[in-house]
Amino acid sequence: KNIKYAFPDETGMYDVPKDLAYANSLALESVFTENPLYGDGLKIATVASDQGKTGTLSVINKDEDYEIACGRAKKISGGLADTQQLASIEHAMYYETEDLEPGKKSTIKAWLFGVTSGQAGESYEQTRDTETINAIDYPLTIRGVLLKDSLGADNYTDENGNTVMITRIVCKPGETGYETFGDSVPIPKALD
């Protein structure tokens, strides 16, 4: 619920998040593979490849501003036109889910980073005895962004000299910044 999106400006800072159409569902899949490395007939190592996530965001209707910002729609004489999408523009996407524990229900907040979306799939079904709700499905790719150091200035590197990609930040009730977590896009920063 409460899907929002924000695009970075020319300085790399994100604009104020805007609401997206009412959410129907969000499905995310990891793009992760492990490739074994063999030598002398023995498995000597496994090389991991984490390429982020893919997924599908299903909404109740297309959002005109989101379509324009993604470069696949344009206002023209006579209305809003679907245009050829010439680029995938990375942005951040916010959503909320509900967590159920015995005797307690809480809202979990999350930001996805390095998100691109493609032309939405549309399927319409006529109304029969009851109203039909037709969902719009956006294919998503979540590449992630580089983790920054604790000051947020430089890219973080681990003890082996590797940079770290962040695809999602999740914030739960009681954690620092929970109340305002969806108001702006956080900068993924390492702990001191």
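**Exercises on strands, cores and a surface patch**

Gly103 takes a positive phi near 75° in the hairpin of E7 and E8, which has 2 residues between the strands. Strands are DSSP runs (E, at least two residues), numbered from the N terminus. The model is predicted, so local features need pLDDT of at least 70 and side-chain atom pairs pLDDT 80 or more, while totals for chains, interfaces and linings use all residues. Residues are numbered from 1 along each chain as its sequence is written, and side-chain values use heavy atoms, without hydrogens and water.

**Exercise 1.** Find the strand partners of E7 and the residues opposite Met93.

*Solution.*
- Strand E1 (residues 4-6) and strand E7 (residues 91-101) pair in the antiparallel sense over 3 bridges; pairing needs at least two DSSP bridges.
- In this pair, Tyr5 has Met93 as its bridge partner.
- E7 also pairs with strand E8 (residues 104-117), antiparallel, over 10 bridges.
- There, Met93 stands opposite Leu112.

**Exercise 2.** Place Met93 and Leu20 in the largest nonpolar core.

*Solution.*
- A nonpolar core is a set of buried (under 20% relative accessible area, 1.4 Å probe, protein chains only) Ala, Val, Leu, Ile, Met, Phe, Trp, Tyr and Cys residues joined through side-chain atoms within 4.5 Å.
- The largest has 19 residues, and Leu20 and Met93 are among those with the most contacts inside it.
- E4, E7, E8 and strand E10 (136-142) each give two or more residues to this core.
- E10 gives the most, with 4 residues.
- Leu20 touches (heavy atoms within 4.5 Å) residues including Tyr5, Leu57, Tyr66 and Met93.

**Exercise 3.** Is Leu42 buried or exposed?

*Solution.*
- Leu42 lies in strand E4.
- Its relative accessibility is 56%, so Leu42 counts as exposed, the cut-off being over 50%.

Technical notes. Lists of a residue's contacts leave out its neighbours within four places in sequence.
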